[in-house]
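Me: I would like to go through the terms used for this model and check each against its criterion. Start with the contacts between chains.

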Amino acid sequence: MSRPGTRLDSKKVNSELFTLTYGALVAQLLKDYENVDDVNKQLERMGYNMGIRLIEDFLARTGSGRCYDFRDTAEKIQSGFKIFLGITPTITNWSAAGDEFSLCFESNPLTEFVELPDNCLNLKYCNILTGVLRGACEMVQMEVSSWFVQDQLKNDSITELRVKFIKRLEDAIPAGED
Amino acid sequence: MVIYGVYIVSKSGGLIFNHDHNVPKIEHERVFNYPLDIKLIYENKKVVVAFGQRDGINVGHVLMSVNGAPLAGTLLEDGRDVLEVLEDPQNFPITLKFSRAKMTTNEKIFLASMFYPLFAIASQLSPEPRSSGIEVLEADTFRLYCYQTLTGVKFMVVAEPSQPGMEILTKRVYELYADYALKNPFYSLEMPIRCELFETNLVTLLETVEKSGISSV
């Protein structure tokens, strides 16, 4: 995505194009690996590589500051989904310690035309998102992990992504920031 | 309204991009008679004016060519040492060209990695806790603006002291970096940026800012 005024204008790309491209990617991975677990892993890895670049785009266009609280982080992740996918997941199910929350998606542009076949029920179709979150947070010196607890593709009523704070990466914090 | 250059330093302190924008080129050529009325010395494998400032040739300027022939370090093209040539009255009158010393890429890399600990020291020296590093460094001929992103990349702009809006410019350069460097699939993080699109967009941005101010971008 690009800002207005730059040569690529800010017209949003049709989400169907994105959905279908992602579908093609997952289908190709399934063909290449023939093993659902490997595909899950590969998607996560690809997401990670996207996340470490995407975070700069997010920071440059929002100008948001550092998070000193996981609730801040949750809101920023939510706004990231709005910017990059055009959806606003709801933030719910905070753990008592405030280090875990869920993002609930009523609709998910990634899965719009998708039905999982019987032979890949273990496939975490949207696993790229967990990688994106991990990569993006790592670049701002936060280690998080995330996983899907509910999935509309598996006949749950919503898709729920659980995000857990692991630690601050103190060593990686740039000078003049800590 | 002059912006002299833009530098980007990676999280680990290496120079990953530099662009000299608008450094005025100063060159002076003059015919000299024996004996030379300026004092020249060797310095860093160059011949430099040490004393005797005239006709725009200032102390610190570097000897570029002798009688139109460019100089390789301290040697003429025919292998003679330049200071020896200048001591021999038979070679006069002689035409010498001086210009302001240009930084080589190596020197730039060296200086960029030097700024990195300065930035860190500044934040530690601070009397207030949780201070940032150096954001503006001012001298009588330029100001250096530094913006460090949350991910640790530093964007630096060197400009005339009177040039307004440079803090905003550093953030605009960050946006260009996010767009044209990071979205280039063939660019790997922490490596020098050799993306033509990035460079052309940067030049356009700098020119717009110089012409019509920061509010127009």
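Reply: A polar contact is a pair of N or O atoms within 3.5 Å, where within protein one must be able to donate a hydrogen and the other to accept it. The model is predicted. Between chain B and chain A, nine residue pairs are in polar contact, with both residues at pLDDT 80 or more.

Me: What makes the pair Asp57(A) and Lys183(B) a salt bridge?

Reply: The rule asks for a side-chain nitrogen of Lys or Arg within 4 Å of a carboxyl oxygen of Asp or Glu. For the side chains of Asp57(A) and Lys183(B), the N to O distance is 3.5 Å. The pair therefore qualifies, being a Lys and an Asp with a distance within 4 Å. Across the interface of chain B and chain A, the rule finds one salt bridge.

Me: Which helices of chain B supply at least two residues each to the side that touches chain A?

Reply: Both α2 (105-125) and α3 (166-181) of chain B do. The most comes from α3(B), with seven residues. By class, the residues on this side of chain B are 13 nonpolar, 10 polar and five charged.

Me: How many residues does each chain bring to the contact, and what area is buried?

Reply: Chain B brings 28 residues and chain A 25. The two chains bury about 2,200 Å² between them, with 52% of it on carbon and sulfur atoms. Arg130(B), Leu150(B) and Thr151(B) supply 29% of the area that chain B buries against chain A, more than any other three residues.

Me: How do you know that β1 and β2 of chain A are paired strands?

Reply: Pairing needs at least two bridges between the strands. Three bridges join β1(A) to β2(A) (residues 100-105), and the strands run antiparallel. The criterion is therefore met. One of the bridge partners in β2(A) is Ser102(A), which is matched with Thr92(A).

Me: Why are β1 and β3 of chain A called edge strands?

Reply: The open sheet has four strands in the order β1-β2-β4-β3 (chain A), paired antiparallel. β1 (90-92) and β3 (142-150) each have a single partner strand, so one side of each lacks a neighbour in the sheet. On average, neighbouring strands of this sheet are turned by 30° against each other, direction ignored.

Me: Which helices lie across strands of chain A?

Reply: Helix α3(A) (residues 70-85) lies across β1, β2, β3 and β4 (159-168) of chain A, at about 20° to β2(A). Helix α4(A) (residues 128-139) lies across β3 and β4 of chain A, at about 165° to β3(A).

Key
Residues numbered from 1 in each chain as written. Chains lettered and ligands numbered in written order. Predicted model: local features only at pLDDT ≥ 70, side-chain atom pairs only at ≥ 80, totals over all residues. Heavy atoms only, no water. Axes fitted to C-alpha atoms, helices over the stretch in contact; angles between N-to-C directions. Contact = heavy atoms within 4.5 Å. Buried area = accessible area lost by both parts, 1.4 Å probe. Polar contact = N/O pair within 3.5 Å; in protein donor to acceptor, adjacent residues only side chain to side chain. Nonpolar A, V, L, I, M, F, W, Y, C, P; charged D, E, K, R; others polar.
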